[in-house]
Amino acid sequence: METDSLEEALRDFDKKAKKEPSPLLEQFLCHVAKTGQTMVPWSQFKNYFLFKLEKVMDDFRASAPEQRASANPNVESVPFEDMKERILKIVKGYNG
């Protein structure tokens, strides 16, 4: 995977009004997950990561819309939307 084409794909993603997955960027995320090598600074791929994270959470919610397990007394019960917002806020605030 070439860094130049990756950077171009990330710039193109940021420019688009309607965000959608990109095969190259999907391949990039798989590469990062497998190797831990980001190849580009966080600031360049943060927006795509946030987009993908939110999509994965929404897909999970669609596949499991109800809480299946009974409440556990030592685990905080947080509604899905609240937890989603917490997670997104943490990632948005991460700069490194």
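The paragraphs below lead through the helix packing, the aromatic contacts, the salt bridges and one backbone feature of this structure, which is a predicted model.

A convenient place to begin is the pair of helices α1 and α2, which pack with their axes 9 Å apart and at an angle of about 120 degrees. Since angles of 65 to 115 degrees count as roughly perpendicular and those over 145 as roughly antiparallel, α1 and α2 are therefore oblique to each other. The handedness of the crossing between α1 and α2 is left-handed.

The aromatic side chains come next, and the structure holds seven aromatic pairs. One of these is formed by F13 and F51, whose ring centres lie 5.2 Å apart and whose planes make an angle of 55 degrees, an arrangement classed as tilted. This pair links distant parts of the chain, given that F13 belongs to helix α1 (residues 3–15) and F51 to helix α3 (residues 42–63), with their positions 38 residues apart in sequence. F13 counts as buried because its relative accessibility is 4%, and F51, at 19% relative accessibility, also counts as buried because the cut-off for that class is under 20%. The ring of F13 has a further partner in K19, whose charged end sits over the ring at 4.8 Å from the ring centre.

A second aromatic pair joins F28 and F45, and here the centres are 5.2 Å apart while the planes stand at 80 degrees, so the pair is edge-to-face. The contact between F28 and F45 again links distant parts of the chain, with F28 in helix α2 (residues 23–35) and F45 in helix α3, 17 residues apart. Both F28 and F45 are buried. These two residues also belong to a wider grouping, for F28, W42, F45, F49 and Y94 form one aromatic cluster.

Turning from rings to charges, the count of salt bridges comes to four. One of them brings together the side chains of K52 and E26, with a distance of 2.7 Å from N to O. The bridge connects distant parts of the chain, as K52 lies in helix α3 and E26 in helix α2, 26 residues apart. K52 counts as partly exposed because its relative accessibility is 21%, a value that can be set beside the cut-off of under 20% for a buried residue.

Another salt bridge, between the side chains of K55 and D59, has an N to O distance of 3.2 Å. In this case both partners lie in helix α3, where K55 and D59 are four residues apart, about one turn of the helix. K55 is partly exposed at 31% relative accessibility, and D59 falls into the partly exposed class with a relative accessibility of 43%.

What does K84 form with D58, and how far apart are the closest N and O atoms? K84 forms a salt bridge with D58, and the closest N and O atoms are 2.6 Å apart. Because K84 lies in helix α4 (residues 80–93) and D58 in helix α3, the pair ties together parts of the chain that are 26 residues apart in sequence. The two partners fall into separate accessibility classes: K84 is buried, with a relative accessible area of 7%, whereas D58 is partly exposed, with a relative accessible area of 33%. The K84 and D58 contact is also part of a network of salt bridges, in which E54, D58 and K84 are linked.

Helix α4 also contains E81, a residue that counts as partly exposed because its relative accessibility is 44%. E81 and D58 are 23 residues apart in sequence, and the distance between them in space is 9.6 Å from C-alpha to C-alpha.

The last stop is in the backbone, at M39, which is placed in the loop between α2 and α3. The phi angle of M39 is near 70 degrees, which is a positive value in a residue other than glycine. M39 counts as partly exposed, its relative accessibility being 30%.

Taken by helix, α3 recurs through much of this account. Helix α3 holds F51, the partner of F13 in helix α1, and F45, which pairs with F28 in helix α2. Helix α3 likewise holds K52, which is joined to E26 in helix α2, and D58, which is joined to K84 in helix α4.

Methods: Residues are numbered from 1 along each chain as its sequence is written. Side-chain values use heavy atoms; hydrogens and water are left out. Rings of Phe, Tyr and Trp (its six-membered ring) pair if their centres lie within 6.5 Å; planes under 30 degrees apart count as stacked, over 60 as edge-to-face and the rest as tilted. Helices (H or I, at least four residues) and strands (E, at least two) are DSSP runs, numbered from the N terminus. Buried means under 20% relative accessible area, exposed over 50%, partly exposed in between (1.4 Å probe, protein chains only). A charge sits over a ring if NZ of Lys or CZ of Arg is within 6 Å of the ring centre and within 35 degrees of the ring normal. Axes are lines fitted to C-alpha atoms, for helices over the stretch in contact, and angles run from 0 to 180 degrees between N-to-C directions. Angles under 35 degrees count as roughly parallel, over 145 as roughly antiparallel, 65 to 115 as roughly perpendicular and the rest as oblique. A crossing is left-handed if the near helix is turned anticlockwise from the far one by less than a right angle, and right-handed if clockwise.
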